[in-house]
Amino acid sequence: LGHDDSEVFLLPYNALVNFINHGNSAGDNAKANVKLRWSESFNRAELIDLDVKELLESSFGLIMELVALRDLEEGEELFLDYGSQWEEAWEQHMDDWTPLPNSESYQSAEELIHLEKNIRTEEEQQMKPYPENIQTACMFYHTEDTDYDIRPLTADELKEENFEGPANLYRANWTKPNHDCLRYCK
């Protein structure tokens, strides 16, 4: 949330805000059923008047609350008025938007997950490649109890991987089983 008279931009974040959509709060099509406000219980009021540098140097204390504008039904979708600037920017985006090249072959990751429960092997990907918009990646969380040797890839390994360009790639070889993280994949 921003304000023309402020250098501060507040970005509400938690799992809930991902499920709140825009809805006007005025007019015949008014849909907003929640609003954001400064917390009446947890804010340190002196933080509101600080400039950006002072605010960054201060500790925790600016909290916003999501407040229902009326009684809500269980499971009812939440709508927040994002403001007229957001709505105008969205309309402009929709007017200017054009599909990407090859978008007719687009497949969402969600669709793919429902169709296939496992990541395809390298051989499977050669026979049946993923659509251009799908990429696979594996995540590795380094923890103190993770035992592995790490070293830069050699020139031969880079050639074997068909990698071109500046090389800053490393290979990790686990020295004992660690089932707490995902590993290398293509």
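Helices (H or I, at least four residues) and strands (E, at least two) are DSSP runs, numbered from the N terminus. The model on display is predicted: local features need pLDDT of at least 70, and side-chain atom pairs count only at pLDDT 80 or more, while totals for chains, interfaces and linings use all residues. Residues are numbered from 1 along each chain as its sequence is written, and side-chain values use heavy atoms, with hydrogens and water left out.

**The whole protein**

Begin with a cartoon view. The protein has five helices and six strands, in the order β-β-α-β-β-α-α-α-β-α-β from the N terminus on. Next, display the surface. About 15700 Å² is exposed, of which carbon and sulfur atoms supply 52%; such accessible areas come from the Shrake-Rupley method with a 1.4 Å probe, and for residues only the protein chains shown count as cover. Of the 186 residues, 16% count as buried. Here, buried means under 20% relative accessible area, exposed over 50%, and partly exposed in between (1.4 Å probe, protein chains only). Among contacts (heavy atoms within 4.5 Å) between residues at least 6 apart in sequence, 61% join residues at least 24 apart.

**First stop: Arg120 and its surroundings**

Select Arg120, which is found in the loop between helix H3 (109–115) and helix H4 (122–127). Arg120 counts as buried because its relative accessibility is 10%. Leaving aside residues up to four places away in sequence, Arg120 touches Leu112, Gln125, Lys128, Pro129 and Tyr130.

Now show the backbone of Lys128. The side chain of Arg120 reaches the backbone oxygen of Lys128 at 2.5 Å. This is a polar contact, defined as a pair of N or O atoms within 3.5 Å; within protein, one must be able to donate a hydrogen and the other to accept it, and residues adjacent in sequence count only if both atoms are side-chain atoms.

Add Glu116 to the selection. The side chains of Arg120 and Glu116 meet in a salt bridge at 2.4 Å, N to O, the term requiring a side-chain nitrogen of Lys or Arg within 4 Å of a carboxyl oxygen of Asp or Glu. Both Arg120 and Glu116 are buried. Glu116 also forms a salt bridge with Lys128, where the closest N and O atoms are 3.9 Å apart. Glu116 lies in the loop between H3 and H4, and Lys128 in the loop between H4 and strand S5 (148–152), so this pair ties together parts that are 12 residues apart in sequence. Lys128 is exposed, with a relative accessible area of 52%. Through shared partners, salt bridges join Glu116, Arg120 and Lys128 into one network.

**Second stop: Arg70 and Glu76**

The count for the structure comes to four salt bridges. To view another of them, select Arg70 and Glu76, whose side chains meet at 2.4 Å, N to O. Arg70 is partly exposed at 42% relative accessibility, and Glu76 is partly exposed at 25%.

**Third stop: the aromatic cluster**

The structure holds two aromatic pairs. Rings of Phe, Tyr and Trp (its six-membered ring) pair if their centres lie within 6.5 Å; planes under 30 degrees apart count as stacked, over 60 as edge-to-face and the rest as tilted.

Select Tyr82 and Trp86. Their rings form an edge-to-face pair, with 4.7 Å centre to centre and 85° between the planes. Then add Trp90: the rings of Trp86 and Trp90 have centres 5.8 Å apart and planes at 5°, so this pair is stacked. Trp86 and Trp90 both lie in helix H2 (residues 84–96), four residues apart, about one turn of the helix. Ring pairs thus link Tyr82, Trp86 and Trp90 into a cluster.

Colour these residues by accessibility. Tyr82 is partly exposed at 33%, Trp86 is partly exposed at 33%, and Trp90 is partly exposed at 40%. Adding Met94 completes a nonpolar surface patch of Tyr82, Trp86, Trp90 and Met94, with about 390 Å² of accessible area together. Patches are made of residues with over 30% relative accessible area and no salt bridge, like charges being joined within 9 Å and nonpolar side chains (Val, Leu, Ile, Met, Phe, Trp, Tyr) within 5 Å.

**Last stop: Leu66**

Select Leu66 in strand S3 (residues 64–68). Leu66 is partly exposed, at 32% relative accessibility. Beyond residues up to four places away in sequence, Leu66 touches Leu16, Ile20, Val34, Lys35, Leu36 and Leu78. The C-alpha atoms of Leu66 and Leu16, 50 residues apart along the chain, are separated by 9.8 Å.
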